[in-house]
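I am opening a new entry on this chain. I want to look up how its sheet is put together and what packs on it.

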Amino acid sequence: MRAPSCAAILRLDALGDSLLALPAVEALGRAWPQTRLVVVASTVGYPVFAGCAEVWVGTEDLARRLQEIGCEVVLSFTEKRPALQAAARSGASVRVGFDPGRTQPLKSLWLRTALTHRVPWPNCPDRDPGMHEVERFFLLLGALGLDLPHPPPPLRFTPGEEDRAWARDFLASFDSPPVAVQWMPRWTAGGWPETLVGEVVDRLGGPKAVLFAPPDQPRAEPWARQRGLEWSCTPELGRYAAVLSGCRALITPDGGAAHVAAAVGTPVVDLFFQRHSAHTVRRWHPWRVEHRIVLRGDYIAGAEKDLAERLVASVEELCRSNSAS
């Protein structure tokens, strides 16, 4: 199709999901350089897109706002109903999104009127189409007739100079780049004890840093101080990304932290659950960066020691491999 005067991408999701959409957003901007491109993002995801599009936050009066700017094309990268409803009422002549088909028959029926172009995507692990999330978003561009890169490019997020300077000051206390450990409540999912992350930190040799998000600070900071560990709590995405870019590797349960590390080229040891791992690892592993996947099941008494050993062995092997290359 011809390039429109205005197009919008709806990506009202978490930080990691936003980063995984970034290559497709950038590709659309390159394909339509004269188009006013608006990304509607969440309060945590909006910094991801600041360098490649005009960014709006939230869905309040979204349909009316899209109408006011004469938006001709709306792509819903999110499957959340408020965003899809806004797309349906936007007045855009082209409205593109995912259709779950028989896995959600009532929603699929409604989408026949809400969207003009529907890309089949079943919401069922047993019918996994076998794509990474980054590749999935490019299917929406394909529905517009645009060429799809094979494979899509890596994630790339570049912190600003002030953020890099702040990170250099923090990392200056280490003799060499540290291994970062992301402290988050997800370590205890599946009944695993809080001692698991402590077991990992205790087994790590060499410099190490503990990173955590502001909501986790009340528990994570005393935990890190008690162990005499260097730590960083950075609400700004740029500072957090800049710190990760100066680390040898990151150890984390699967989530946004793994994708921020991938976006700055830092190797990742990513902890997934064994259940449905054939689906979850393929769809959400760190994209086009050196990484190792470690799987865990539900907790069995004493299993944290074995899991910590596997995580540390994985990061040591990853660092050796990365140094050799």
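I count two strands as paired if DSSP finds at least two bridges between them. The model is predicted, and I keep that in mind for what follows.

**Sheet.** I began with the strand order. I found 6 strands in an open sheet, ordered E3-E2-E1-E4-E5-E6, with parallel pairing. Why do strand E3 and strand E6 each have one side without a neighbour in the sheet? Strand E3 (54-57) and strand E6 (117-120) stand at the edges and have a single partner strand each, so one side of each is left free of a neighbour. I noted an average twist of 20° from one strand to the next.

**E4 and E5.** I then looked up the pairing of strand E4 (residues 73-76) with strand E5 (residues 94-99), which is parallel and runs over 3 bridges. I checked two residues of E4 for their partners in E5. Val-74 has Arg-95 as its bridge partner, and Leu-75 has Val-96. Following the chain from E4 to E5, I passed through H3, and this β-α-β crossover is right-handed.

I also asked how many residues of E5 are buried. The count is 6 of 6, and I entered E5 as mostly covered.

**Helices on the sheet.** For helix H3 (residues 81-88), I listed contacts with strand E1 (6-11), E4 and E5. The direction of H3 makes about 165° with that of E4. Helix H5 (residues 133-142) lies across E1, E4, E5 and E6, and I recorded about 145° between H5 and E5.

**E5 and E6.** Next I moved to the pairing of E5 with E6, which is parallel with 4 bridges. The partner of Asp-99 in E6 is Pro-120. With helix H4 (residues 105-114) between them in the unit, E5 and E6 make a right-handed β-α-β arrangement.

**H4.** Which residues of H4 are buried? I listed Lys-107, Ser-108, Leu-111 and Ala-114. These buried residues span an arc of only 115° around the axis, which means that they sit on the same side of H4. On the other side of H4, I found Pro-105, Leu-106, Leu-109, Arg-112 and Thr-113 exposed. I last looked up what covers the buried residues of H4, and my list includes H3, E5 and E6.

Notes: Residues are numbered from 1 along each chain as its sequence is written. This is a predicted model: local features need pLDDT of at least 70, side-chain atom pairs count only at pLDDT 80 or more; totals for chains, interfaces and linings use all residues. Side-chain values use heavy atoms; hydrogens and water are left out. Axes are lines fitted to C-alpha atoms, for helices over the stretch in contact, and angles run from 0 to 180 degrees between N-to-C directions. Contact means heavy atoms within 4.5 Å. Buried means under 20% relative accessible area, exposed over 50%, partly exposed in between (1.4 Å probe, protein chains only). A crossover is right-handed if, with the strands pointing away from the viewer, the path from the first strand over the helix to the second runs clockwise. The arc is that of the directions from the helix axis to the C-beta atoms.
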